[in-house]
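Me: I would like to go through this model one question at a time. Please keep each answer short and end on the value or name requested.

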Amino acid sequence: MQVNENKEFEPLIVAFCCNWCSYAGADLSGTNRLNYPTNVKIIRVPCSCRVNPMFILRAFQRGADGVILCGCHPGDCHYTSGNYFTRRRMTLLFSMLDFLGIERDRTRVEWVSAAEGAKFAATMNEFTESVKKLGPNRRLEDLRCRKQ
Amino acid sequence: MNNDTLIPYIGVVTDIRQDTPDVKTFRVVSPEGGKVFEHMPGQCAMLSIPGVGEAMFSITSSPTNTKFMEFSIKKCGCLTTWLHAMDVGQQITIRGPYGNAFPVETELKGKDLLFIAGGIGLAPLRSVINYVRDKRANYGDVQVIYGSRSKDDLVDYKEIIDEWMTDDGIKVDLTIDNPQEGWDGHVGFVPNYVKELNPSINKTVLICGPPIMIKFTLAGLKELGFKETQVYTTMELRMKCGVGKCGRCNIGNKYVCKDGPVFRFDQLGELPDEY
Amino acid sequence: MQEAMINKAKQLLADGTVNRVIGWKRGEFAYDITPAVFESAEELDSEFVYDDFTSANVSKYLVKECKKEGRILAFLKPCDTYSFNQLIKEHRVVRENVYIVGIPGGPKLDAEKIKAKGITGILGVKNENYTLKIDTVYGEETMPFYEAILDKCASCKSKKHVVYDELIGEDGDVLDSNRFDMVEKLENMSAQERYDFWREQLSKCIRCNACRNVCPACTCEKCVFDNPNSGVENKAPADSFEENMFHIIRAFHVAGRCTDCGECSRVCPQNIPLHLLNRKFIKDINSLYGEYQAGEDTTSRAPLNDYNKDDCEASIVHERGVE
Amino acid sequence: MQRIGVFVCHCGTNIAATVDVKTVAETLGHEPGVVISQDYQYMCSESGQNLVKNAIKEHNLTGVVVCSCSPRMHENTFRKAAAAAGLNPYLVEIANIREQCSWIHKDIATATEKAVILGKAAVAKVHLNAPLTAGESPVAKRALVIGGGIAGIQTALDIAEAGFDVDIVEKNPTIGGKMAQIDKTFPTLDCAACILTPKMVEASQNEHITIHSFSEVTDVKGFVGNFTVTIKKKARYVDETKCTGCGLCTEKCPMKKVPNEFNMGLDNRSAIYIPFAQAVPKVATIDPNYCMMMKTGKCGACSKVCSVGAIDYKQQDKFIEQKYGAIVVATGFNPINLDKYDEFAYNQCPDVVTSLELERLMNAAGPNGGTLLRPSDKTHPHKIVFVQCVGSRCDDSKGKPYCSKICCMYTAKHAMLIREKYPDTEVYVFYIDVRTPGKNFDEFYRRAVEQYNVHYIKGMVGKVTPRSDGKIDVQASDLLANEQLHIDADMVVLAAAIEPDKTARPLATMLTTQMDTNDFFTEAHPKLRPVESATAGIFLSGACQGPKDIPETVAQASAAAAKAIGLLVKNSITCNPCVAHSDELMCNGCSSCEKVCPYGAITYIDKEFRMPDRTTALRRVASVNPAVCQGCGACTVACPSGAMDLNGFSNSQIMAEVDAICK
Amino acid sequence: MLKISLDKLDKLFEAIAASQTLYIPADREDGAAEYRKYESGMKLSNKLNTLRSAKDFFFPQTENLVDFKMEGKNIDVIDVREESEDFVIFGVRACDARSFTILDKVFLAEPVDSYYKNRRDHSTVVTMACTRPAETCFCGTFGIDASAPEGDAACFSDGENLFFEAHNEKGQKFIDSISSLLEEGNTSKLDDVREKTRDILKKLPLANLSTDNFGGDKLNEYFNSDKWGELSESCLGCGTCTFVCPTCQCYDIKDFNTGHGIKRFRCWDSCMYSDFTKMAHGNPRLTQLERFRQRFMHKLVYFPANNNGEFGCVGCGRCLSKCPISMNIVKVMKALEVK
């Protein structure tokens, strides 16, 4: 995304949503016409535990400014335990990104159930705002992929 | 700056022919029409779809064809699958020509020629055969022994039947591995068929096909009295840059992409056994 | 020690317990030791060496060696035994095919440290009462032993052998090491400082893959970074992103499996402190999920293959440390 | 090279009003591999589907992208359409441009831009989709019903009727549930016991039904058609097979001061007890918290009087494991705890009761033998105040946001019954709204007002204060008359909100089904699949899915049964082909994947491989059982070499989506 | 000879950098030296050599070859080459200087590699004679005199002054460009220093290593040697030796999809890598033995066969100190020699 003097910086947010809870939650916020910014683009995965750290880095490489991972609440995973693994993996990954000096507010995990359409929208609004404040992702981008 | 051979030209695919279930022949011209570049029989070109891959293919058409180049390509990897799926009008990138050629203007001139091919191995030889047909006076007898798994797997079958076989002074012997309905020709493997046909040992042999076929045919030829210096083959191994620099096709002190792909068997014998 | 080891190896070869020995072979200089397999008493006598420079961890070779005919004797230092145990746990080695003799470990010397002092033309290195006497073409030089030890030895975590068939010498204890000090120091820097630190370090990477290829945890049949179908394959760090990607993912893949043997940093031709990435994961795992030492045993669940219902949330990263 | 068709749906104006569908179709038409890109009013309609089918045939498509509503809605519709046209159904991808685009955005330009990006991501993904063939797995011909109330009983009976074995697991010593505690039912006022107990008996006698009373589900493994459930049969210290239900033990038991839960604690029972006369199974149960023998080792009265020797003080909990093809959840409801409602003095005054307590007070089998008496002094109440919506339709944290649905009707019933039996009693009902949709419901309510002169007052009760003279001061407002009222009542009846049973939440975790924020089970679709959970093979019956009255519960119970039967009649079911698979050449055999698999779908085999140096070697490699794998993908991330991948959501597919979005 | 006092080096560098880009070996934070673009105040490293070789200047680890834009069925080829700016590499050691000659034989052979040539044409290589060779040095084995390096121009330090000598027109031009800072100087002390250096070179442990047993005609002698198994046994198959080597020049060509175009780039590759020769239908070098053999056969036999006996090694010693398991060309040569 380009910072243009006339135009406010619009971050690109990639949201990975598990099929059973969060994707349904996102659908519900649609059904209830709860607005959240167009910056957020959702990728459906069967379970949050499907999200490989490589996908997250890939998103940053290609120009994402923030990546959020949404899954069922702990204990409610459609596959029983998937999100527990997600929680450990992402905690460690985010901690590592932080260790490497990548702004910690660019990544987030949020548990959103199928019934929490409002939470989904609120989370996305809030996350987009916080990433917007950080400005464009420069520390984990691939210059070759930067849009001219 | 001068053009660099690593920067490819654009080629337009103007015709796609399904030769066998897994071989298609692509006709390529430059966007302005005409051939992208000139070549000699046996030389190769690097074809590529950017982002998909780049690979070396021998140019199947004869240099005497002034309008276009042709490539017969077997579907076996990522790039070839992509090429097989494309439609006419698709642009590809092409660079070359690379490698040496069969010595059609020197050592082969005036000789009786025996072409032995198996399967897709006909592709590089087809260029020479058509070159020889177009410059018929320069060469002696021409015999082609060509075999494949089945009748459907014979590349350029139509051209063989309609043109080569109707030509005077060119003898074509076809064979397939196993009997098949609608096939009244010879059945059997190429090496055995060569021995059966017992060609004159005065001929110079050009051979191309699967390694195992080459190995047994060469042994058979030696039994018949052929010398290694009489037999040429062509290799297409792991080439990347095409100009003998990237190091990939290095065998001994030779680079297949530059010093080959055409080798005489006595030359091959001097190389380490790494191909 | 070298003498005792050679004798032990000859004895085990002679009585048929093993048919090969993996150890270290003398080089051209004092320090260029190569891991090697010995098959005869003569070879052992003439070339086997165990001294202050024999630091290479040979456990990874056992992945390949244990699949060969017969049994192999491996001399393992305490840190190497952790690597080997982890390989047992992951079914990468056949325990029965390896006869392990535990030997005392370091501290081992780092030739780079000596050279960094400007000492060059090294012809020989002798340890006299923890002072190194270095014979060079430019005359004799000295330096304190402890200034020349490998970083990995300076923060040794354990002198205990966690797996062995027999020991030469006494077994040691798990140490209270200071190995997380540098990680902590970095954690206490600002994000910008951390970023600058790592950019400087990782930009040195030439992607020679030495860290990966030496790593006893990196024993994949095919590494994702070599696999054109993985989508992340790359051969050279064409961009700063790819340097980050490679090292983050590599550290992640060995997280909970890395025994902290320190080989990655030892072999890095560009002196990148790669072990800090692994230690960061180890430190996080210890503090968030309970103390865990990979390779300590062969049965426990690796932290990333395990969970607790009341594990902390990922937001903990946002709540602690320096922004 | 792929030949992809893109189909953009207007969804009437649902999408077309905010997203410029023409632009979306046109832009996506230029994506690599896209050979046709069209838009249409309603893509899910028959003609819309025909558009897709014809394009598949005409353009020889290798992939289809439908830009429409959520894939949770119509993915299957379009997959079926593709299959009908000869395209593998798994070569279809949906771009969700309704729920996740047109409905949440207002600006046409940005919404259109986003829709295009979502479409591009779907195109990028479909490039890499592989045709998948679903495998089949056998169906265990047995159903499990969790909960033995009217919902569970009805479901079990219907399934048994179809000839399948059914097990009912009931946590209480008897089946019957809440309906067994109810006196009369609205709107017909027929006796609840008279209609319920025959069904209970029928269930106990049906050869296809096994009742596990006093039991709980402790573990659920497996998946649709193949659940393995562990049931804990709690020790009741009485041998069920021997006990004849004669009741002698309950009479002889010296410990008679146990609050009787069946009568809502309004009277007492013995330590060994049969909950009520018509209990099924009619078997005694010892309450170990009160039994003298169990607590002190001295007594044994029951054992002495039992002629069949059924008493077994040493009985242990027993665990049984059973395979089921389908599971029906019928865990029902409970009135909420009113501890937080100090203003209604529920905890201070015994004469402030809940409606369910009133049921028992009025029941012939209740503590007073059917005579309505005040719990405090056993006198006849002359003025009764009913308070509606206690904890229902509540915005604060004390109560529930939803309407409990049944209170209006049962209060009308109570008022009517009281006025019928005790015409000298005045009845006041304070309500916010009276909600009586349902067959003969409003007529019933009107009879209460018009025929029985029940005083319905629109207004909320502010405070209930017990007075020293035994009366209860009810301070309320009459919103219509706009005045404050004080009523000196003899009894106050609170229509407590109902909530799902507490056992539902842990059960949902075991079943991996979803619940809403109120702990009601979430149905797969609120309109189209109201009795199925989103987890295949798990069906919902009765109040566990939301507040319901008896007729609705029975209707849903039968519907759930029908769905379960529909599953059980199949010999095998089609598996989800989006499962993990391991590339054996890359697999290290390290066991990481096995450790994170929640289904035990991964095993290791020693397989012979040709090594690069032309030797062969045995290698340990992972092997996924596709019938057991459910496709979560946990293993794909645990695998460091990337040997594990997931069909339908492969590494390369997801990365292609990422790339397309970030492009 | 023209000279400049060592304490005036800053002035010299400033002067060179004023007219063209200057690269000098400088110390980085971990003590190792690397070539850096000169900026005011930067100090010349006194390390013997840089950690990475100087080949990066002409053959960088990755470089963009050409861009493509794909639109429908059409492909647009974008030539990304730009004329290089003139630059000076200062302080190149004799071994690295020789490596350029070796790389030239590959990249400047027909068809000329324009990317390489472009940078080569615009460069001036100013070498510097060694005074403190290390034990890992064996440039003498390949006929290189560390005290008299090649290059366009060379400079020599006597501890106080730096003396300059032009080897060709380009070198002369360079010296002319800085002549205002130079003065004629007495070389008697320098001659002593050089003499001393030559003495040291003779005393180095590898001084007697000889190439007599190697060369283009030794193919059959070594290819099937049974030493390869033992030598390659502990090789990790990493690319350290290749990547620090000043003469290794194998490369790979790859495409990178940026999302809005394709970048075709080349990057260093290593014959030590298991997939170097891998093709769709197999790999002719199946084990590390063959790959290991290829690297050393190429340097010691194949390359001299094609290049009038010139070996593909300059004895810089980088692989000796950097190989994780200390296996290197010296050990290979010594092992093979033993009949």
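Reply: Two residues are in contact if their C-beta atoms, placed from the backbone, lie within 7 Å. The model is predicted.

Me: Which chains, among the 8 pairs that touch, have the most contacts between them?
Reply: Contacts are counted here for 8 pairs of chains that touch. The pair with the most contacts is chains A and D.

Me: How many residues does the contact take from chain D, and how many from chain A?
Reply: Both chains contribute residues to this contact. Chain A gives 44 residues, and chain D gives 42.

Me: Which helix of chain D supplies the largest share of the side that touches chain A?
Reply: Helix 3 (71-84), helix 4 (98-102), helix 5 (108-127), helix 17 (634-638) and helix 18 (651-662) of chain D each supply at least two residues of that side. The largest share is 8 residues, and it comes from helix 18 of chain D.

Me: How many residues on the side of chain D that touches chain A are nonpolar, polar and charged?
Reply: The side of chain D that touches chain A is sorted by residue class. It has 7 charged and 15 polar residues, and the nonpolar residues number 20.

Me: How far apart are the closest C-alpha atoms of chain B and chain C?
Reply: Chain A and chain B have no contact, and their closest C-alpha atoms are 14 Å apart. Chain B and chain C likewise share no contact. Their closest C-alpha atoms are separated by 10 Å.

Me: Why does the radius of gyration of chain E agree with a compact globule?
Reply: The C-alpha atoms of chain E fill a box of roughly 65 × 60 × 40 Å along the principal axes. For 339 residues, a compact globule would have a radius of gyration near 20 Å. Chain E agrees with this because its value is 22 Å.

Me: What percentage of contacts in chain E, between residues at least 6 apart in sequence, join residues at least 24 apart?
Reply: Chain E contains 11 helices and 12 strands. Of its 339 residues, 51% count as buried. Among contacts between residues at least 6 apart in sequence, the share joining residues at least 24 apart is 69%.

Me: Which strands of chain C are the edge strands of the open sheet in the order 5-6-7?
Reply: This sheet of chain C has 3 strands with antiparallel pairing, and its twist averages 20 degrees from one strand to the next. Strand 6 (residues 131-136) of chain C is joined to strand 7 of chain C by 6 bridges, with Ile134(C) opposite Glu141(C). The edge strands pair on one side only, and they are strand 5 (122-128) and strand 7 (139-144) of chain C.

Me: Is the pairing of strand 21 with strand 22 of chain D parallel or antiparallel?
Reply: In chain D, 5 bridges join strand 21 (residues 383-390) to strand 22, and Ile384(D) has Val427(D) as its bridge partner. Strand 21, helix 12 (residues 407-421) and strand 22 of chain D make a right-handed β-α-β unit. The two strands run parallel.

Me: Through which helix does the chain cross from strand 22 to strand 23 of chain D?
Reply: Strand 22 (residues 426-431) of chain D has 5 of its 6 residues buried. It pairs in the parallel sense with strand 23 (residues 455-458) of chain D over 4 bridges, and Phe430(D) stands opposite Ile457(D). The β-α-β crossover between these strands is right-handed and passes through helix 13 (residues 441-451) of chain D.

Me: Why is one side of strand 24 and of strand 26 of chain D left without a neighbour in the sheet?
Reply: The open sheet has 3 strands in the order 24-25-26 (chain D), with antiparallel pairing. In chain D, strand 25 (residues 472-478) is joined to strand 26 by 7 bridges, and Ala476(D) stands opposite Leu485(D). Strand 24 (461-466) and strand 26 (483-489) of chain D stand at the edges, so each has a single partner strand.

Me: Is Thr204(B) buried or exposed?
Reply: Thr204(B) lies in strand 11 (residues 204-208) of chain B and touches residues including Leu108(B), Leu113(B) and Gln230(B). A residue needs 20 or more other C-beta atoms within 10 Å to count as buried. Because Thr204(B) has 22 within that distance, Thr204(B) is buried.

Technical notes
Residues numbered from 1 in each chain as written. Chains lettered and ligands numbered in written order. Predicted model: local features only at pLDDT ≥ 70, side-chain atom pairs only at ≥ 80, totals over all residues. Rg over C-alpha atoms; globule rule 2.2 N^0.38 Å. Buried ≥ 20, exposed ≤ 12 C-beta atoms within 10 Å, placed from the backbone. Nonpolar A, V, L, I, M, F, W, Y, C, P; charged D, E, K, R; others polar. Pairing = 2+ DSSP bridges. Axes fitted to C-alpha atoms, helices over the stretch in contact; angles between N-to-C directions. Right-handed = clockwise from strand over helix to strand, strands pointing away. Lists of a residue's contacts leave out its neighbours within four places in sequence.
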